Amino acid sequence: MTDTITITGFVATTPRRMTTSAGLDIASFRLASTQRGYDQEAQRWVDGETNWYTVSAFRQLAINLFVSVEKGDRVIVTGALRIRSWESGDKHGTNVDVETDSIGHDLTWGTSEWTRTSLTAPADGTSEQETGTPSPATEPAQS
């Protein structure tokens with residue numbers, strides 16, 4: 001069973017992109033999400049602890065993320081939560097990763113301009129879910 005999570009935060013590192021030897025595009029960055037609360041005594045908003053996530057995207061989403069998202073941007077990320085413990089010698093820790101299904105700018109903090117990527121159907125017969133690119137058959141009708 002996959003745990004799905006939605007997080008708002010800011011892009012804390014410059015997104016990086018790589019292509020595997022098999023041709024799979026991957027992009028990733030660190031996301032910081034700080035909880036805020038209102039301090040009644042001080043009569044002001046205060047920052048709480050910051051949660052850190054490594055966000056990864058694959059295929060067309062990775063390409064789109066790399067050209068659209070920059071360090072410092074406020075974003076909303078939805079995807080599969082992966083929590084992994086690690087150990088190296090006397091050091092140990094926990095990685096919290098999100099394999100994103102969707103990412104976009106958080107319009108609470110600004111405006112954004114969106115451009116659709118090309119809608120070419122894959123020649124190998126893979127589905128939209130497999131490629132991350134909508135095929136013309138699944139494209140919503142324009143009104």
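**Close-up views of a predicted chain**

**Q43 is exposed, with a relative accessibility of 51%.** The cut-off for that word is over 50%, so at 51% Q43 counts as exposed. This model is predicted. Where does Q43 sit along the chain? Q43 belongs to the loop between β3 and β4, and β4 spans residues 44-58. Now look at the backbone. Q43 is not a glycine, yet its phi is positive, near 60 degrees. Most residues other than glycine have a negative phi.

**R59 also draws the eye to the backbone, with a positive phi of about 60 degrees.** R59 is not a glycine either. Which element holds R59? R59 is in helix α1, which covers residues 59-68. Is R59 buried, partly exposed or exposed? The relative accessible area of R59 is 40%. Partly exposed covers values from 20% to 50%, so R59 is partly exposed.

**L65 is a buried residue of helix α1.** Its relative accessible area is 2%. Buried means under 20%, so L65 is buried. What does L65 touch, leaving out residues up to four places away in sequence? The list is P15, A27, F29, A57 and I103. Two of these names, A27 and F29, fall within strand β3, residues 25-39. A57 falls within β4, residues 44-58. Now find I26. L65 and I26 are 39 residues apart along the chain, and their C-alpha atoms are separated by 9.6 Å.

**S28 is a buried residue of strand β3.** S28 has a relative accessibility of 12%. That value is under 20%, so S28 counts as buried. Which residues does S28 touch, not counting those up to four places away in sequence? They are T14, P15, R16, V55 and S56. P15 is worth finding twice: S28 touches P15, and L65 touches P15 too.

**The second largest pocket has a volume of about 280 Å³.** Which residues line this pocket? T8, G9, F10, A32, S33, T34, Q35, R36, D47, R74, D106 and W109 do. Strands β1 (4-11) and β3 (25-39) each give at least two residues to the lining. Which element gives the largest share? It is β3, with five residues. How does the lining divide by residue type? Three residues are nonpolar, five are polar and four are charged.

**The whole chain puts these views in place: it has two helices and six strands.** In what order do the elements run from the N terminus? The order is β-β-β-β-α-β-β-α. The chain has 143 residues, and 26% of them are buried. Contacts also link distant parts of the sequence. Among contacts with a separation of 6 or more, 54% join residues 24 or more positions apart. The accessible surface comes to about 10200 Å². Carbon and sulfur atoms account for 48% of that surface.

**The confidence of the model has a mean pLDDT of 85 over the chain.** A pLDDT of 70 or more is reached by 82% of the residues. Where does the pLDDT drop below 50? That happens over residues 127-143. How many contacts does this stretch have beyond near neighbours in sequence? The model gives the stretch 20.

Notes. Residues are numbered from 1 along each chain as its sequence is written. This is a predicted model: local features need pLDDT of at least 70, side-chain atom pairs count only at pLDDT 80 or more; totals for chains, interfaces and linings use all residues. Side-chain values use heavy atoms; hydrogens and water are left out. pLDDT is the predictor's confidence in each residue, from 0 to 100. Contact means heavy atoms within 4.5 Å. Helices (H or I, at least four residues) and strands (E, at least two) are DSSP runs, numbered from the N terminus. Buried means under 20% relative accessible area, exposed over 50%, partly exposed in between (1.4 Å probe, protein chains only). Accessible areas come from the Shrake-Rupley method with a 1.4 Å probe; for residues, only the protein chains shown count as cover. On a 1 Å grid over the protein atoms alone, a cavity is a set of points where a 1.4 Å probe fits but cannot get out, and a pocket is an open set with protein on both sides within 12 Å along at least five of seven lines; lining residues have an atom within 4 Å of a point. Grid points are joined across faces, edges and corners, and a volume is the space filled by probe spheres set on the points. Ala, Val, Leu, Ile, Met, Phe, Trp, Tyr, Cys and Pro count as nonpolar, Asp, Glu, Lys and Arg as charged, and the others, Gly among them, as polar.
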